[in-house]
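Subject: A structure for you to look at

Hello,

Here is the structure I promised to pass on to you. Have a look at it first, and then read on for what turned up in it.

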There are 2 protein chains.
Amino acid sequence: MSQPQNAISPTREQDFPEWYQQVLRAADLAENSEVRGCMVIKPWGYALWERMQAVLDGMFKATGHRNAYFPLFIPLSYLEKEAAHVEGFAKECAVVTHHRLEARDGKLVPAGELAEPLVVRPTSETIIGAAYARWVKSWRDLPILLNQWANVVRWEMRPRLFLRTAEFLWQEGHTAHETAGEAVEETRRMLGVYETFARDYLALPVLTGTKSETERFPGAVDTHCIEAMVQDRKAIQAGTSHFLGQNFAKAADIKFQSRSESVEYAWTTSWGVSTRLIGTVIMAHGDDDGIILPPMIAPAHVAILPITPKEDTRADVLAAANALAAGLANERFDGRPVVAEVDTRDLGGGIKNWEWIKKGIPLRMEIGPRDLAQGTVAISRRDRPHKEKTFLPVAEAVARVPALLAEIQAGLLARATAFRDAHTRLIDSRDDFYAFFTPANPQKPEIHAGFALTHWDGSPKTEERIKTDLKVTIRCIPADGEPGTCPFTGKPSARRVVWAKSY
Amino acid sequence: MSQPQNAISPTREQDFPEWYQQVLRAADLAENSEVRGCMVIKPWGYALWERMQAVLDGMFKATGHRNAYFPLFIPLSYLEKEAAHVEGFAKECAVVTHHRLEARDGKLVPAGELAEPLVVRPTSETIIGAAYARWVKSWRDLPILLNQWANVVRWEMRPRLFLRTAEFLWQEGHTAHETAGEAVEETRRMLGVYETFARDYLALPVLTGTKSETERFPGAVDTHCIEAMVQDRKAIQAGTSHFLGQNFAKAADIKFQSRSESVEYAWTTSWGVSTRLIGTVIMAHGDDDGIILPPMIAPAHVAILPITPKEDTRADVLAAANALAAGLANERFDGRPVVAEVDTRDLGGGIKNWEWIKKGIPLRMEIGPRDLAQGTVAISRRDRPHKEKTFLPVAEAVARVPALLAEIQAGLLARATAFRDAHTRLIDSRDDFYAFFTPANPQKPEIHAGFALTHWDGSPKTEERIKTDLKVTIRCIPADGEPGTCPFTGKPSARRVVWAKSY
């Protein structure tokens, strides 16, 4: 089937990984830099991140957290303190060994070797733990509820824009508590914040649960996560919230005098989401015309496209376009003014239209000399076929925008939920499970089956065998469920768990 | 003279550098980490930075800029391209040479040596230039007007919290233009933004001008700056705006087809302010009781201090304190709701009072059982002696807050302006100049003279001699001024320039 000339090539069906690269390029969200694995986030992509930051930051503050900032560099010796953390985590990272450059034969060479190498933070449990150890003396100093917005670096051998990059942007919450109960409650609260944010803002119906031991954050007692299904039916871990027990407190020596005057280690948590959310949104909602942004996080809601074929009507059309933008700014969506971008570039209406389609803006409004004469405007929705237009009187169009945005937002969530449900199966036999995760079409190994809800005996060995056979892992262990029998070993199972291929 | 027990020790007069360390500690703004030169910015300090970011970000967007994000790492070869930049700048920096850690004898050691070392960005002209070279093909692609909020690293041998740290937070604007004229205009526009921000938000009456060749940003054609005087009468360079000519465009190969179809190099600018602004505000406005925050950038405007000596009135007092905060939130200052912090900790009123004095919050409101009975509240201003209280009926107190904040803001600017003017001298002879910059009291070499407006023959040699003799440099060359004679050489001078010791 032929695609319209302006759409994305290849289609999702033809080659999902390549479609992803192409929609990012077409939307001008980000690109690879010449520094291996490090991306350049372009203005439209960064504006999307700023919207996500603003919403999340408000949610963190509403739950009692404040922001702070900790060093980029971690002394090597800090990483050595938490054995499980080092073993499972801190291996692929950027290591600073020198603090000076010297010119030699017209070249710059590293000089000033450091006595102790520094690691560029892959995550900040250890460096923040060192600060908390200084700050916490008594139970009165607890809880500490901080968040940091920062860049982190994890050397990636197979980088992929937004999903897996050497440097990425994220937030990391780090809290310290008097009791295990409070820390567990905090871990769950922040998981709830992420779930709400994913559903209400990103239109992503995520599953929640805990990780199995093998998938857990190294050093954590329990890792809670939100898992999204994207359109190639793989899972993306979109956010995590870790209950760290006293492991990191012991490594960093975060001790306090308790109410009963004994000396105790604090109970800590950490939780984070990253620019990976952008990749998740693109993969979950995009279509063969480009990306589709949920209105609740779109940097702008409406692209106003003045059509100015003739010089003599040009000024009037541009004035009408600006008036339209001003009118929209008086409307509210999610309590904020509706944001319109007036695209005044002197390009054909078709070209401008396609650019905004590819950028995923929720609504487009064309206004040309004929509309001006009739007092109308043509509205197109990003979630409907690109040729569909509704002509409305200007005032009516403006007034309808908030409702249209809400409709698009709800529609995206409904569509993603239906998609997930259509590709989630309760499976009770080993054969069905293996059949489900074996590509139906060997020519298209990148189209996956989806989620399987299947019993599991709780053994890492069972998990390992399935991973080896099928590259399928347990994405999360839901909080609730009925007991049953593990189809792989015949042993008892506490509940069904969610299996899938994943990013 | 004895200081109140709770005030800062030493006083500014006794030991200004140590006073600075102590006010930062007392205000809980930031502290040194165990990583050399890297600071931890604590919540109150970070909230101050967030306020500065929010205001500046709005000003940047209002002048047509958008945000983006570029890699943390710069390949060594990029730095080699702009000779003057390397020579003058990129020497003390963090160098990443390995991308993996390996365990050996229970220790972690760097492994996976990189083919080309990477430098942690000290500033991003070279890496952003590489991106612009990819993006710019035609004059139609110009201008590019981007800003980045980021961390940067410059290895500092004598770090000092906020003023000079190895890692610091900043924004860096980077723009590319079709013509020299447009780039110069952009450089001046952003200098104007900084000057306005310093005056209207930070209450800092900065001087503006250009840098002499020796003080210029390496690789720049012209460096414009804002210079503030702080209370030890030294200058702090608080922001810079660079016209880079075609130097960086040539190094990075940012070329475009011009309107006349010739191939031209773009004209670029860069401009930045950093967390150094926090240090500048503290040194400019603080007193011997602690820091003083200008209301326009204070993270909170009012500390509400419930006094709850007796259990039976405690609930009523706390309810009144919360009602007061809610009432204040309905008032507006600078178009935003007035922000109050209710300090419900069960500590004595004196202790709480002093904590908020030291944190520099503009207003404090005490409310206790007696106030409750009388329907009053006691207001104290941070810019007045700490014992001064005004008792007002609650509704009147609330209604007066915006005017009080405006008064404090204006008062800080007026005081800083008077201070600067009192310590700025027109000097026309070499002897007077040398006398002015020789410490009056050799026991207190850290109390400096101030600014001297003195003619200069334009020669780097003259400047160098004075720097060697007195550690005094040209802080800026004002845009306007009358010609005269250089008192150091007798040669003609185009105008007076501003001389001072500096941070």
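**What was found**

The domain assignment splits chain A into domain 1 (16–285), domain 2 (302–404) and domain 3 (424–500). Please keep in mind that this is a predicted model. Between the C-alpha centres of domain 1 of chain A and domain 2 of chain A there are 40 Å.

**Chain A as a whole**

Chain A holds 14 helices and 27 strands. Its C-alpha atoms fill a box of roughly 80 × 60 × 60 Å along the principal axes. The radius of gyration of chain A is 26 Å, which agrees with the value near 23 Å that a compact globule of 503 residues would have. Of the 503 residues in chain A, 50% are buried. If you take the contacts in chain A between residues at least 6 apart in sequence, 69% of them join residues at least 24 apart.

**A sheet to look for**

In chain A, 7 strands make up an open sheet with mixed pairing, and their order is S3-S7-S8-S14-S11-S10-S9. Strand S3 (66–67) and strand S9 (207–210) of chain A are at the edges; each has a single partner strand, so one side of each has no neighbour in the sheet. Within the sheet order, S14 and S11 appear side by side. Strand S11 (residues 235–243) of chain A pairs with strand S14 (residues 267–274) of chain A in the antiparallel sense, over 4 bridges. For a place to zoom in, try Thr240(A), whose bridge partner in S14(A) is Gly272(A).

**Where the two chains meet**

How many residues does each chain bring to the contact? Chain A brings 49 residues and chain B brings 50 residues. On the side of chain A that touches chain B, strand S5 (residues 95–104) of chain A gives the most, with 7 residues. That side of chain A divides into 33 nonpolar, 6 polar and 10 charged residues. S5(A) also pairs with strand S5 (residues 95–104) of chain B, antiparallel and over 3 bridges. There, Val96(A) has Val96(B) in S5(B) as its bridge partner.

**The nonpolar core**

The largest nonpolar core has 311 residues, and those that touch the most other members are Ala228(A), Val302(A), Met365(A), Ala228(B), Val302(B) and Met365(B). Leaving aside residues up to four places away in sequence, Val302(B) touches Leu328(B), Val338(B), Ala340(B), Ile361(B), Leu363(B), Met365(B) and Val401(B).

Enjoy exploring it!

Best wishes

Technical notes: Residues numbered from 1 in each chain as written. Chains lettered and ligands numbered in written order. Predicted model: local features only at pLDDT ≥ 70, side-chain atom pairs only at ≥ 80, totals over all residues. Domains from an automatic or database assignment. Contact = placed C-beta atoms within 7 Å. Helix = DSSP H or I, 4+ residues; strand = E, 2+ residues; numbered from the N terminus. Nonpolar A, V, L, I, M, F, W, Y, C, P; charged D, E, K, R; others polar. Pairing = 2+ DSSP bridges. Rg over C-alpha atoms; globule rule 2.2 N^0.38 Å. Buried ≥ 20, exposed ≤ 12 C-beta atoms within 10 Å, placed from the backbone. Core = buried A, V, L, I, M, F, W, Y, C linked by C-beta atoms within 7 Å.
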